[in-house]
Amino acid sequence: MSARRALFTVLLALLTGACARSTQLSDVWVDDYWPGEPVGNFLVIGVTHQTEVRQAFEDQFVKDLHREGLEAVSSASVLGVGRIDSVAIVAYVEEHDIDAVLVSHLLKVSEERTYSPGATYAPASFSGGYYHYYSYGMNTVTTAGYMDQAEVVRLETNVYLRNHRLLWSGISDTFNPKSSDDIFKSLPVAVIDDMAQRGMIR
């Protein structure tokens, strides 16, 4: 494989990965005094009054945790779709030996504007006399700058140990989601990857 083709392959892979993951963790906090016991069993809770959204979110998170070989259950499936009673959560965690409770909720939806400056493209030579330089100037192309506007959906996800101790907390930003599915499919990957890199899940 030529160097140019190899570079193209790497760039294509990077771009594909960027497109596939529209969610980024912008801020992560971890317990510095965490005892080091990896988490293997989760109860997943999505905080929203929209029943269908909650179920879809929790189901996707559970699916991705299962894919990593972890045990996980959706709160909607075991505690009902209405408002969850705190006593019921504690009882379920104790009865089913849950290691950690993952809770995620929407912080805000905002519009962000960024400015992209223009660029100039031209031949790289200045030699050859005045006419050559004139030709160089005529062949120069300058693109105008532009404003770009993006919708950003920000969520906070916390992971608590069964003793209510906060283990991991992350703020995530999803850019220009076409639907809720974009968030549901990319957020679990970002959270799981970060916790795995820190050795927090087994």
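**Figure 1. Loop between strand 7 and strand 8.** H164 sits in the loop that links strand 7 (146-161) to strand 8 (166-175) in this predicted model. Helices (H or I, at least four residues) and strands (E, at least two) are DSSP runs, numbered from the N terminus. The phi angle of H164 is near 75 degrees, a positive value in a residue other than glycine. Most residues other than glycine have a negative phi. H164 counts as exposed because its relative accessibility is 58%; the classes are buried, under 20% relative accessible area, exposed, over 50%, and partly exposed in between, with a 1.4 Å probe and protein chains only. Residues are numbered from 1 along each chain as its sequence is written, and side-chain values use heavy atoms, with hydrogens and water left out. As the model is predicted, local features need pLDDT of at least 70 and side-chain atom pairs count only at pLDDT 80 or more, while totals for chains, interfaces and linings use all residues.

**Figure 2. Loop between helix 4 and strand 4.** D97 lies in the loop that follows helix 4 (86-95) and leads to strand 4. Its phi is near 55 degrees, again a positive value in a residue other than glycine. With a relative accessibility of 48%, D97 counts as partly exposed.

**Figure 3. Whole chain and model confidence.** The protein contains 6 helices and 8 strands, in the order α-β-β-α-β-α-α-β-β-α-β-β-β-α along the sequence. Of its 202 residues, 33% count as buried. Among contacts (heavy atoms within 4.5 Å) between residues at least 6 apart in sequence, 73% join residues at least 24 apart. The mean pLDDT, the predictor's confidence in each residue on a scale from 0 to 100, is 81, and 71% of the residues reach 70 or more. Among the elements, strand 3 (residues 71-74) has the highest mean pLDDT, 98, and helix 1 (residues 3-20) the lowest, 37. The pLDDT is below 50 over residues 1-20, a stretch that has 2 contacts in the model beyond near neighbours in sequence.

**Figure 4. Largest nonpolar core.** A nonpolar core is a set of buried Ala, Val, Leu, Ile, Met, Phe, Trp, Tyr and Cys residues joined through side-chain atoms within 4.5 Å. The largest one has 27 residues, of which F42, F61, L65, V159, L167, W168 and M195 touch the most other members. At least two residues each come from strand 2 (41-47), helix 2 (51-67), strand 4 (100-116), strand 7, strand 8 and helix 6 (180-197). Helix 6 gives the largest share, 6 residues. Residues up to four places away in sequence aside, L65 touches F42, V44, L70, A72 and I192. A second, separate core of 8 residues includes L43, I45, V93 and V101.

**Figure 5. V101 in strand 4.** V101 is found in strand 4 and counts as buried because its relative accessibility is 10%. Its C-alpha atom is separated by 4.8 Å from that of L43, 58 residues apart along the chain. Not counting residues up to four places away in sequence, V101 touches L43, I45, V93, N158, V159 and Y160.

**Figure 6. S74 in strand 3.** S74 belongs to strand 3 and, at 4% relative accessibility, counts as buried. The C-alpha atoms of S74 and V44 are separated by 5.1 Å, with their positions 30 residues apart along the chain. Neighbours within four places in sequence aside, S74 is in contact with L43, V44, E58, D59 and V62.

**Figure 7. Largest pocket.** On a 1 Å grid over the protein atoms alone, where a 1.4 Å probe fits, a pocket is an open set of points with protein on both sides within 12 Å along at least five of seven lines; lining residues have an atom within 4 Å of a point. The largest pocket holds about 370 Å³ of space, a volume being the space filled by probe spheres set on the points, which are joined across faces, edges and corners. Its lining has 14 residues, with V47, T48, G82, R83 and I84 nearest the centre. Strand 2 gives the most to this lining, 3 residues. By class the lining has 6 nonpolar, 6 polar and 2 charged residues. Ala, Val, Leu, Ile, Met, Phe, Trp, Tyr, Cys and Pro count as nonpolar, Asp, Glu, Lys and Arg as charged, and the others, Gly among them, as polar.

**Figure 8. Second largest pocket.** About 320 Å³ of space lies in this pocket. Of its 16 lining residues, T48, V53, L106, L155 and F184 lie nearest the centre. Strand 4 supplies the largest share of the lining, 4 residues.
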